[in-house]
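Work through the exercises below with the model open beside you, and try each task before reading its solution.

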Amino acid sequence: MPMMSSASRFPRRPVLLTQELDQLRSLLRLVAADNPFYTQKFEAGEVSYSIRHIGDMAESIPLTTRQELIADARANPPFGTNLSYAVSRYAHCHQWQDEAGLHWCWLDTAASWSAMAATGAEVFRAAEVGPEDRVFFLSSYEQQSGTWLPLESGALGGSLCFSAAGLDVQGRWEAIQRLGPTVVVGAAADFRALAEAAPAGVAGAQAPSVRLALGGGRPGEAEAVRVQAARLWPEARVWDYVALPETGVVAFECPARPGVMHLAEPAVFPEIVDPATGRSLDSGEGELVLTTLFRAGSPLVRYRTGCRAALCPDTACECGRHQLAVEGGIGALPAQPA
Ligand SMILES: [Zn+2]
């Protein structure tokens, strides 16, 4: 498939920044007035939430940590208090259980759900997945990332999408042979389980339609997905992207520069901070901090993601995109002490 590389398709950097500044301002107004989690947080720190420039974010607005979210989720089950609207305004829920056993229910309005699906569709577009493709989603992917959102993203791009939900690993392998997908999406563990179920050494021959393996979106998993997918389809390309259930899509591979990922602006406003001090960095490697701009009902403002990222020095890209880019993928930082 030819690469869709028309530079005019993608908003230029000043346009992106204007849009992000407008959305940051309205988000901060909303959460300071109506979101109990942020009203309390901002009042406690006597935060001035009016910003004139993008650079004011780092100067004026405090970081949000995972520990704060955990404390809020524990004290206020089942949804926490990071809600800008009454619960009746929400339509969807991302549910997951973290490594400490805490159940998370991250609510989305119909509007934020649609916006997140559209951002996900950009991931498939960058991977050159389109209407000719059949996309097979391995099951643990959707359990981790929010029920059907990734399938909606794939379908928005016109692909025919199949879920493996309800199928055991043998059933998935048989479905792949029967349905003839061109793209298989899953976490490294999904590809490993499939490789163990498929007849040794003949997976590529028995399901030759697969041309692309798309990772399950977990930080730091790209290499593991590459290794496991290659056991099944040695000739297939492997494509990386990163998403967190509490933020949505974080970044996706650049179609023109191997090893480079674009941050998912303007759905997120990205910053890099020193992981030890939280101090804002203009360039280089550090912890990725995100403000989620398309999720005003359950937003994160300057959220320390726990992900390591190294900003590329330039913003103009051969692929035509003007979103900030990071080099060498996005990995997980060592966990911060609680
Ligand atoms: Zn690019």
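**Exercise 1.** Determine in which order the 4 strands of the open sheet are arranged, and which of them are the edge strands.

*Solution.* Begin with the order, which is S8-S9-S10-S15 with antiparallel pairing, where strands are DSSP runs of E with at least two residues, helices are runs of H or I with at least four, both numbered from the N terminus, and two strands pair if DSSP finds at least two bridges between them. The edges are then S8 and S15 (325-327), each of which pairs on one side only. From one strand to the next the twist averages 25 degrees, with axes fitted as lines to C-alpha atoms, for helices over the stretch in contact, and angles running from 0 to 180 degrees between N-to-C directions.

The model is a predicted one, in which local features need pLDDT of at least 70 and side-chain atom pairs count only at pLDDT 80 or more, while totals for chains, interfaces and linings use all residues. Residues are numbered from 1 along each chain as its sequence is written, and side-chain values use heavy atoms, with hydrogens and water left out.

**Exercise 2.** Describe how S8 is connected to S9, and establish whether the faces of S8 are covered or not.

*Solution.* First, S8 (residues 241-244) and S9 (residues 248-253) pair in the antiparallel sense over 4 bridges, and a hairpin of 3 residues joins them. Within this pairing, Val-242 stands opposite Ala-251 of S9. Next, consider burial, meaning under 20% relative accessible area, with over 50% exposed and partly exposed in between (1.4 Å probe, protein chains only): Tyr-241 and Ala-243 on one side of S8, and Val-242 and Leu-244 on the other, are all buried, and both faces are thus covered. Finally, helix H5 (residues 110-126) lies across S8 and S9, at about 15 degrees to S9.

**Exercise 3.** Find what joins S10 to S15 at the other edge.

*Solution.* Strand S10 (residues 260-263) runs antiparallel to S15 and is joined to it by 3 bridges; the bridge partner of His-262 is Ala-325 in S15.

**Exercise 4.** Explain why the buried residues of H9 line one face of the helix.

*Solution.* In H9 (residues 188-197), the buried residues are Ala-188, Asp-190, Phe-191, Leu-194 and Ala-195. Seen down the helix axis, they fall within an arc of 160 degrees, taken from the directions from the axis to the C-beta atoms, so they line one face of H9.

Key:
Contact = heavy atoms within 4.5 Å.
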